[in-house]
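Please take a moment to look over the sequence and the structure below before reading on. The paragraphs that come after them are meant to be read with the structure in view.

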Amino acid sequence: MKLANLTMIETEIPKGVQAIIDFGLYELSIIQNEASYGNKQGLFEIAVFKDGEQTELPGITQPGDTVKGFLTSEEVDAILTKMYTITGTEGKQI
């Protein structure tokens with residue numbers, strides 16, 4: 001799975017785009033909007049969710065943090081691969 005193959009959905013508040021990928025126990029939110037880390041540079045931000053709540057996930061986010069910003073498309077692709085490796089589940093866009 002690659003970022004380029006995802007359909008980025010427009011969001012109004014905040015204005016931007018988002019894709020949500022379901023990996024079974026976890027969901028990965030990929031955003032680029034007015035409030036995201038790196039948006040002014042055209043970069044992406046991700047957050048991991050479990051049971052509807054943002055959560056830390058070793059290998060994806062740093063300890064004590066639930067988001068990771070300032071990501072290039074290549075770095076998002078690497079995170080998508082890591083999510084598959086961690087969960088053992090092929091991600092599906094929702």
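What follows moves from the overall fold to the core, and then to two single residues.

The structure shown here is a predicted model, and a good way to begin is with its secondary structure. The protein chain holds one helix and seven strands, and if you follow the chain along its sequence you meet these elements in the pattern β-β-β-β-β-β-α-β. The radius of gyration of the protein chain is 12 Å, close to the 12 Å that the globule rule gives for 94 residues, so the chain is as compact as a globular protein of that length. Taken along the principal axes, the box filled by the C-alpha atoms measures roughly 35 × 30 × 25 Å.

Contacts between parts of the sequence can be described in a similar way. If we consider contacts between residues at least 6 apart in sequence, 43% of them join residues at least 24 apart. Turning to the surface, the accessible area of the protein chain comes to about 5700 Å², and 52% of this belongs to carbon and sulfur atoms. The chain carries 7 positive and 14 negative charges, and the mean positions of these two groups lie 4 Å apart.

Of the 94 residues, 34% count as buried, which leads us to the interior. In soluble globular proteins, nonpolar side chains tend to be buried together. Here the largest nonpolar core has 18 residues, and those with the most contacts inside this core are Leu28, Ile30, Leu80 and Met83. Strand E2 (16-23), strand E3 (26-33), strand E4 (44-50) and helix H1 (73-87) each supply at least two residues of the core, and H1 gives the most, with four residues.

Which residues are in contact with leucine 80, once its neighbours within four places in sequence are left aside? They are Met1, Lys2, Leu3, Leu6, Ile21, Phe23, Leu28 and Ile30, and among these Leu28 and Ile30 were already named for their many contacts inside the core.

Glutamine 54 offers a second residue to examine, and its place is in strand E5 (residues 53-54). Its relative accessible area is 39%, and because a residue counts as buried under 20% and as exposed over 50%, glutamine 54 is described as partly exposed. Leaving aside neighbours within four places in sequence, glutamine 54 is in contact with Ala47, Val48, Phe49, Thr66 and Val67. By contrast, alanine 4 lies 50 residues away from glutamine 54 along the chain, and the C-alpha atoms of these two residues are separated by 24 Å.

Definitions and conventions
Residues numbered from 1 in each chain as written. Predicted model: local features only at pLDDT ≥ 70, side-chain atom pairs only at ≥ 80, totals over all residues. Heavy atoms only, no water. Rg over C-alpha atoms; globule rule 2.2 N^0.38 Å. Buried < 20%, exposed > 50% of the residue type's maximum accessible area, 1.4 Å probe, protein only. Contact = heavy atoms within 4.5 Å. Areas by Shrake-Rupley, 256 points an atom, 1.4 Å probe, with all protein chains shown as cover. Lys, Arg positive; Asp, Glu negative; His and termini not counted. Charge placed at Lys NZ, Arg CZ, Asp CG, Glu CD. Core = buried A, V, L, I, M, F, W, Y, C linked by side-chain atoms within 4.5 Å.
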